[in-house]
Amino acid sequence: MPSTIAIDARKLRDFGIGTYVRNLVRELAVLDRDSQYLLFVRPDYDGSLDDLPENFRLLTERSAVYSVRELVAMSWSLYRLKVDLYHATHYVLPGFVPCPTVVTIHDIIHLLFPDYLPNRLAHYYAHRMIRRSLVRGNAIIAVSQNTRDDLASYFQLGTKKIHVIYNGAEAAFRKQLPPDELQAILESLGLRAPYLLFVGNPKPHKNLDSTVQAYARARELADFDASLVCVGARAGTDFKLRQRAAQLGIEGEVVVLGHVAQEALPAIYQGASLFLYPTLYEGFGLPVIEAMASGTPVITSNNSALREVAGGYAHLVDPLDIEEIARAIAHCMTDEAHRENLCKLGLRRAETFQWSKTAEQTLALYRQVLAP
């Protein structure tokens, strides 16, 4: 008898977890035509999974993620639907789960950087929910060895049921666009090569302010003509970013692109001369792999999962050392051979991260948990 597997897809529109959910579900649809899948989506669902096969059904769930209401509403839905397995794609399990569970934990940034949270209650909630998932979940997916180690160290728990399953890079990033098509897309976005690229939200751990300062310093250290393009929704913080650029005398060189459609990202990556991602902490670092898959050289941090994912394949720096980041930028922008080598190394590394492999390992874990 086929199993019924429910997956929480309410964060489908988010960049990080949304990318994970979208690609995982699409690859599961290729691998598994026997099980019945129920996908919980938000009322403002964007239609990105409408073309799934018949064994996938979308259900609207109105309770918000990280809310008290979801603890009750999701419990009732799982009980009413007689689900055989529930996959929580972020760290919150419903209050009562009447079936075996798999929980994906992407990172514990809410615990390691509590100052970035709006209040102490949010920190308590994150701590409580993550510990609860670790204890009650039948299997835990960590998206990197670093996240697995963080969980084990922070909560002083065994790692027997924590399974490392890496994220992947979509095929769209690996497909090199023809020069004329690439140019047309960049022009439609108002971009002009050469440029350096940063992709990320305005959260403090993304370290964008230090990135801008390092870029300004690099222009003093080396003679290169390339703007800095910042991609990512950052409502309310654009002014601070532009103000910082003005203070550094580079206001005309920093392009704030904001949110862009997922379809445009491959062209933006491929058009960049260099990708900058010196963040303070990452559970995996998806933009790094996407840049590598696009054939773009990468400068990123020597910490957290970034060292695990990019070590030996990118130019690693101390994200707290603006001068070191600046020297790395200057080196990459003035040494074409170094950039070319980083491109080759990145492409090779990106090949090891495939969403099809993520889905295969996740499906195997589903079957392991469902086995009597």
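In this predicted model, strands β11 (residues 274-277) and β12 (residues 298-301) run parallel to each other and pair over three bridges. One of the matched pairs is easy to pick out: Leu276 has Ile299 of β12 as its bridge partner. To get from β11 to β12, the chain passes through helix α11 (residues 286-293), and this β-α-β crossover is right-handed. The pattern carries on at the next strand. β12 also pairs in the parallel sense with β13 (residues 315-317), again over three bridges, and here Ser301 is matched with Val317 of β13. Helix α12 (residues 304-310) joins in with β12 and β13 to make a right-handed β-α-β unit.

Helix α4 is worth a closer look. It covers residues 120-136, and at 1.5 Å a residue its 17 residues should span 24 Å; the C-alpha atoms at its ends are indeed 24 Å apart, so the expected and computed spans agree. Right at the start of α4, a side-chain oxygen of Asn119 comes within 3.1 Å of the backbone nitrogen of Leu121. Further along, the buried residues of α4 are Tyr125, Ala126, Met129, Ile130, Arg132, Ser133 and Leu134. Why would a helix bury residues in a spaced-out pattern? An α-helix has 3.6 residues a turn, so residues three or four places apart point the same way. The cover over the buried residues of α4 includes helices α2 (68-80), α3 (109-112) and α5 (145-155), along with strands β5 (101-105), β6 (139-142) and β7 (162-164).

Next come the nonpolar cores. In soluble globular proteins, nonpolar side chains tend to be buried together. Here the largest nonpolar core has 64 residues, and those with the most contacts inside it are Leu28, Leu197, Val231, Ile268, Phe275 and Tyr366. Helix α1 (residues 16-31) supplies the largest share of this core, seven residues. Apart from neighbours within four places in sequence, Tyr366 touches Ile5, Ile7, Leu24, Leu28, Tyr37, Leu85, His87 and Val102. There is also a second, separate core of 31 residues, which includes Ala6, Ile140, Ile162 and Tyr281.

Finally, there is Leu248, which sits in the loop between α9 (238-247) and β10 (254-258). Is Leu248 buried, exposed or something in between? With a relative accessible area of 32%, Leu248 counts as partly exposed, because that value lies between the 20% and 50% cut-offs. Setting aside neighbours within four places in sequence, Leu248 is in contact with Val212, Gln213 and Ala216. The C-alpha atoms of Leu248 and Arg217 are 8.8 Å apart, although 31 residues separate the two along the chain.

Technical notes. Residues are numbered from 1 along each chain as its sequence is written. This is a predicted model: local features need pLDDT of at least 70, side-chain atom pairs count only at pLDDT 80 or more; totals for chains, interfaces and linings use all residues. Side-chain values use heavy atoms; hydrogens and water are left out. Helices (H or I, at least four residues) and strands (E, at least two) are DSSP runs, numbered from the N terminus. The expected span of a helix is 1.5 Å times one less than its number of residues. Buried means under 20% relative accessible area, exposed over 50%, partly exposed in between (1.4 Å probe, protein chains only). Contact means heavy atoms within 4.5 Å. A polar contact is a pair of N or O atoms within 3.5 Å; within protein, one must be able to donate a hydrogen and the other to accept it, and residues adjacent in sequence count only if both atoms are side-chain atoms. Two strands pair if DSSP finds at least two bridges between them. A crossover is right-handed if, with the strands pointing away from the viewer, the path from the first strand over the helix to the second runs clockwise. A nonpolar core is a set of buried Ala, Val, Leu, Ile, Met, Phe, Trp, Tyr and Cys residues joined through side-chain atoms within 4.5 Å.
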